[in-house]
Amino acid sequence: MMTFPTALAKPMRYLPLPIVQRMTALMLTQIMKQHPDLFGRLAEHRNKHYAFLPNDLPFAFVVHPARSSIIVSRKSRSLKADASVTGPLFMLLALMEGRQDADALFFSRDLTVTGDMEAMLALRNALDDSGVDLPHDLGSIAGPLGPWVTKAASNLRGRIPSEGGGAAWN
């Protein structure tokens, strides 16, 4: 699995958190506009906090589905989340789109899941049929630059190996 380039990740340590927070919140808002029922299948797990910890970036992302909100922080041991998943950024994004087999990655130890496993399984099931297409979804927030953003993101995604050529998780 492709990892985020170290030459780009290291300088990200100096990015002001409010900028990363704003960009990430904008992306989540757009994804929720495109997929308003994304968190609908979480049921009682909707109020849980889910942490996504890319091991190739200096940031932690905590999503609270009930509020459709995301908090970005520097990685720390005091992170408060009910469930968390750790792996390379591009792997986490491929999981979000359903292009990787989460079970295979978990059992091969390419992906680490901790905390409330039932909540994480509910999230996985919610994402399973969501139809998230990150290049398209993110391109739609770029205004007149949208087609170029979509094309660039699609080209990047095409370079990232996916399990079974786009097979769903199940």
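The exercises below, each with a worked solution, concern a predicted model.

**Exercise 1. The sheet**

Determine the order in which the five strands lie in the open sheet, and explain why strands S3 and S5 each have one side without a neighbour.

Solution. Begin with the order, which reads S3-S2-S1-S4-S5 across an open sheet of five strands whose pairing is mixed. Next, look at the two edges, where strand S3 (69-74) and strand S5 (112-115) are found; each has a single partner strand, so one side of each is left without a neighbour in the sheet. From one strand to the next, the twist averages 20°.

The mixed pairing can then be followed at strand S4. Strands of a sheet pair through backbone hydrogen bonds, either parallel or antiparallel. With S1, S4 pairs in the parallel sense over five bridges, and in this region Phe52 stands opposite Val85 of S4. With S5, strand S4 (residues 83-87) pairs in the antiparallel sense over four bridges, and here Gly115 in S5 is the bridge partner of Ala83. As for exposure, four of the five residues of S4 are buried, and the strand is mostly covered.

**Exercise 2. The helices against the sheet**

Establish which strands helix H2 and helix H5 touch or lie across, and then describe how H5 is capped and packed.

Solution. Take helix H2 (residues 17-34), which packs on the sheet by touching strand S2 (59-64) and S3, with its direction making about 150° with that of S3. Helix H5 (residues 117-128), in turn, lies across strand S1 (50-54), S4 and S5, and runs at about 80° to S1.

Now consider the length of H5: its 12 residues reach 16 Å from the first C-alpha to the last, close to the 16 Å expected at 1.5 Å a residue. The N-terminal end of H5 is capped by Asp116, which has a side-chain oxygen 3.1 Å from the backbone nitrogen of Glu118. Finally, the buried residues of H5, among them Met120, Leu123 and Leu127, pack against S1, S4, S5, helix H3 (89-96) and helix H4 (102-107).

**Exercise 3. A residue of the edge strand**

Decide whether Val72 is buried or exposed, and identify its contacts beyond four places in sequence.

Solution. First place the residue: Val72 is in strand S3. Its relative accessible area is 6%, and since buried means under 20%, Val72 is buried. Leaving aside neighbours within four places in sequence, the residues in contact with Val72 are Leu17, Val20, Gln21, Thr24, Phe59, Ala60 and Phe61. In addition, Pro18 and Val72, although 54 residues apart in sequence, are 8.5 Å apart in space, C-alpha to C-alpha.

**Exercise 4. Two residues of one loop**

Work out whether His35 and Lys48 count as buried or exposed, and find which residues each of them touches.

Solution. Start with the location, since His35 is in the loop between H2 and S1, and Lys48 lies in the loop between H2 and S1 as well. His35 counts as buried at 12% relative accessibility, and Lys48 counts as buried at 19%, a value that falls under the 20% limit.

Turning to contacts, and leaving aside neighbours within four places in sequence, His35 is in contact with Ser130, Gly131, Val132, Asp133 and Asp137. On the same basis Lys48 touches Val63, His64, Pro65, Asp82, Asp116 and Ala119. With one of these, Asp116, the side chain of Lys48 makes a polar contact, side chain to side chain, at 2.6 Å. Asp116 is also the residue that caps the N-terminal end of H5.

Technical notes. Residues numbered from 1 in each chain as written. Predicted model: local features only at pLDDT ≥ 70, side-chain atom pairs only at ≥ 80, totals over all residues. Heavy atoms only, no water. Pairing = 2+ DSSP bridges. Axes fitted to C-alpha atoms, helices over the stretch in contact; angles between N-to-C directions. Contact = heavy atoms within 4.5 Å. Expected span 1.5 Å × (residues − 1). Buried < 20%, exposed > 50% of the residue type's maximum accessible area, 1.4 Å probe, protein only. Polar contact = N/O pair within 3.5 Å; in protein donor to acceptor, adjacent residues only side chain to side chain.
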